[in-house]
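Biologist: Please take me slowly through the aromatic rings of this model, and through a few other side chains too. I am new to this, so explain each term when you use it.

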Amino acid sequence: QTPSFFRDETFRGDFTFENSPEAIHRFPFPFDRDQYMYAVNIEQHMPGPPKSATVFPIDIDEHYVAEMADRAKVLADDPLRCQSLPHMITAEWDLLELLMTSMARDYPEWFSLERDGARWHWINRPLGIDQRFTFGDAATLPHGPMEYITRQCQGDFCLLDQRDDNLWLDAGIVTSQADWSLDFDLGMNFIEWHGPVPRAHDMGIFDRALKFLLNLQIGRPIRRLNWTMTINPRLDTSPENYHRWGIDRTTVTPENVGDKVHLRVELQALWRLPRSNAIVFSIRCYLIKMRELVSVPKWGRRLHRVLRDLPDDLADYKGMTHYRATTLDYLSRHDDGAPTSPGF
Ligand code: HEM
């Protein structure tokens with residue numbers, strides 16, 4: 001694989017983002033049955049099959065270079081998308097270590113890391129970066145350690161401090177989120193930042209998930225999938241920019257639905273960090289157009305049934321109300337009524 005493996009594409013303006021056939025094939029389709037309801041859907045973050053999105057702990061794909069360019073634009077316009085409270089600096093270094101060691105180990109053709117005690121040498125070939133620095137000394141990097149490495153890694157990242165039997169969102173870089181704000185949520189705890197989610201509090205999901213996370217062990221990361229839908233392949237659907245993208249939801253027509261409507265899947269992984277005892281929460285976003293999705297018949301069939309039967313309050317929370325009927329109409333033409341098997 002050469003650097004031309006990476007696509008030259010945009011997630012704003014002319015929206016040239018597309019998936020290659022290989023990227024469609026490895027898309028982390030999130031539904032294991034024909035219905036969807038919230039659950040504590042947590043599993044060990046074990047290596048998946050070759051070429052899948054979970055074969056390595058950190059997934060770098062063909063959209064890497066373009067996504068990093070989009071992140072740089074978001075940060076240039078709004079530096080508050082990256083924030084860290086002062087007590088999180090040790091967790092920031094933990095995160096830098098986790099990402100650099102994973103990326104260099106799993107993608108040696110693109111990244112390399114040499115360590116001589118605290119003297120580290122990092123090379124990122126796709127982005128043309130060659131950096132020597134002292135681990136633990138933030139003055140030797142052009143940004144704080146969290147910002148430095150996450151400007152070079154796909155996905156949003158939150159660092160959670162653990163105290164008082166709760167998790168506190170005390171640092172993060174969030175530039176490709178599904179309509180929530182780091183600036184608003186910073187300093188909140190697990191139950192507070194999940195406040196707007198319908199049903200899941202009453203179902204006991206957040207109490208059980210929190211209990212599980214408080215006992216997360218070093219070296220035993222976990223993952224879960226979450227999903228929503230986005231109009232246009234826009235990464236930055238933040239509340240801060242709602243005036244730019246909210247209106248897009250009213251622009252879906254039977255003619256453009258296949259290209260405009262995207263399934264947005266978040267592969268979320270959590271690791272306990274060794275020095276700080278903090279937890280890192282990664283939110284890796286995958287987009288796929290309806291036209292691409294129905295090229296896999298079992299996915300078109302299943303998504304049609306999931307969307308058709310999704311309770312209205314969940315559809316509303318996910319912001320789908322304006323274009324749900326048009327999307328269902330399109331998908332129904334790809335559902336022959338055949339039974340589907342669980343899993344896949
Ligand atoms: C939604 C953050 C872990 C379940 C959300 C939202 C945020 C968030 C910011 C959006 C809330 C809003 O509307 O403003 C986090 C962070 C986590 C975490 C930082 C790291 C500890 C989990 C876990 C679960 C979970 C372990 C497991 C059950 C959910 C669900 C939603 C949600 C079901 C609603 C998603 C949707 O319908 O699209 N989370 N979350 N979260 N979270 Fe989490």
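Modeller: Let's begin with the vocabulary: helices (H or I, at least four residues) and strands (E, at least two) are DSSP runs, numbered from the N terminus. The model is predicted, so to speak of local features we need pLDDT of at least 70, and side-chain atom pairs count only at pLDDT 80 or more, while totals for chains, interfaces and linings use all residues. Residues are numbered from 1 along each chain as its sequence is written, and side-chain values use heavy atoms, leaving out hydrogens and water.

A good place to start is His194, found in the loop between helix 6 (190-193) and helix 7 (205-214). NE2 of His194 is the single protein donor to the iron atom of the ligand, 2.0 Å away. (Donors are N, O and S atoms within 2.8 Å of the metal, or 3.2 Å for Na, K and Ca; water is not among the atoms, so sites may look incomplete.)

Now for the rings. Rings of Phe, Tyr and Trp (its six-membered ring) pair if their centres lie within 6.5 Å; planes under 30 degrees apart are stacked, over 60 edge-to-face, and the rest tilted. The structure has 25 aromatic pairs. In one of them, Tyr36 and Tyr38 have ring centres 6.0 Å apart and planes at 85°, so this pair is edge-to-face. Both Tyr36 and Tyr38 are buried, where buried means under 20% relative accessible area, exposed over 50% and partly exposed in between (1.4 Å probe, protein chains only).

Phe111 and Trp122 make a stacked pair, because their planes meet at 5° with the centres 5.7 Å apart. Phe111 sits in strand 3 (residues 111-116) and Trp122 in strand 4 (residues 119-124), so the pair links distant parts of the chain, 11 residues apart. Phe111 is buried at 1% relative accessible area, and Trp122 is buried too, at 0%. Both belong to one aromatic cluster, together with Phe5, Phe6, Phe56, Tyr64, Tyr107 and Trp110.

Some rings have a charge over them, meaning NZ of Lys or CZ of Arg within 6 Å of the ring centre and within 35 degrees of the ring normal. The charged end of Arg284 is over the ring of Tyr286, 4.4 Å from its centre. Lys318 lies over the face of Trp227, at 4.4 Å from the ring centre.

One last side chain is Arg305, in helix 11 (residues 297-309). Arg305 counts as buried, with a relative accessibility of 8%.
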